[in-house]
Amino acid sequence: MLEHFGIDLLDVWRGGLSLRRVSVLIKALMGRPGRSALLTAFDESATWSAQEHLTARISDALELANFYFLKANSSESDGLTPPEPIRRPGQAEPEIPTPRFASGEELSAFLADMSNL
């Protein structure tokens, strides 16, 4: 409170600051994304402002549009991989799926079902 507003919290006990005023100041701190250590303690995504989130979204959309354009208009598009989106604060790391191979029994049951069609 002292850093952002120049108000000492000890004034609550001295009688110079009401609890309601403290509540209003905390809500004001919560409304400052990217500047509030209090808000980032509760929500990591608040380290970015709305403008930074929108810029990342626009960048992801442009990269994906370019990928689809090249995929549709290039004869050598088989080797292209889709772009990875920009990682935003507060998002969990994407899990990489591990491939699972079918067992021999599953494979033989599948082939038997296919031959019965």
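Entry 1. Elements and model. I took helices to be DSSP runs of at least four residues, numbered from the N terminus. The model is a predicted one. With that convention I placed arginine 88 in the loop between helix H5 (50–73) and helix H6 (104–115).

Entry 2. Overall make-up. I counted 6 helices and 0 strands in the protein. Read from the N terminus, the order of elements is α-α-α-α-α-α. I noted that 13% of the 117 residues count as buried. Among contacts with a separation of 6 or more, I found that 36% join residues 24 or more positions apart.

Entry 3. Arginine 88. I asked whether arginine 88 is buried or exposed. Its relative accessibility is 12%, and the cut-off for buried is under 20%, so arginine 88 counts as buried. I then looked up which residues arginine 88 touches, leaving aside those up to four places away in sequence. They are Trp48, His53, Ala56, Arg57 and Asp60.

Entry 4. Polar partners of arginine 88. I recorded a polar contact of 2.7 Å between the side chains of arginine 88 and aspartate 60. I also noted a polar atom of the arginine 88 side chain at 2.6 Å from the backbone oxygen of isoleucine 86.

Entry 5. Aspartate 60. I turned next to the other side chain of the 2.7 Å contact with arginine 88. Aspartate 60 sits in helix H5. Its relative accessibility is 15%, which is why I list aspartate 60 as buried. Setting aside residues up to four places away in sequence, I found aspartate 60 touching Pro85, Ile86 and Arg88.

Entry 6. Largest pocket. I asked which residues line the largest pocket. The lining consists of Glu84, Pro85, Ile86, Arg87, Arg88, Gln91, Ala92 and Pro94. The volume of this pocket is about 170 Å³. Sorted by class, I have 4 nonpolar, 1 polar and 3 charged residues in the lining. I marked Arg88 as one of the lining residues and as the residue whose side chain makes the polar contact with aspartate 60. Pro85 and Ile86 also belong to the lining, and both are touched by aspartate 60.

Entry 7. Aromatic rings. I searched for aromatic pairs and found 1 in the structure. The ring centres of phenylalanine 67 and tyrosine 68 are 5.4 Å apart and the planes stand at 55°, so I entered the pair as tilted. Phenylalanine 67 has a relative accessible area of 11% and is therefore buried.

Terms used: Residues numbered from 1 in each chain as written. Predicted model: local features only at pLDDT ≥ 70, side-chain atom pairs only at ≥ 80, totals over all residues. Heavy atoms only, no water. Helix = DSSP H or I, 4+ residues; strand = E, 2+ residues; numbered from the N terminus. Buried < 20%, exposed > 50% of the residue type's maximum accessible area, 1.4 Å probe, protein only. Polar contact = N/O pair within 3.5 Å; in protein donor to acceptor, adjacent residues only side chain to side chain. Contact = heavy atoms within 4.5 Å. 1 Å grid on protein atoms, 1.4 Å probe; cavity = no way out; pocket = protein on both sides within 12 Å on 5 of 7 lines; lining within 4 Å. Points joined across faces, edges and corners; volume = space filled by probe spheres on them. Nonpolar A, V, L, I, M, F, W, Y, C, P; charged D, E, K, R; others polar. Phe/Tyr/Trp six-rings, centres within 6.5 Å; stacked < 30°, edge-to-face > 60°.
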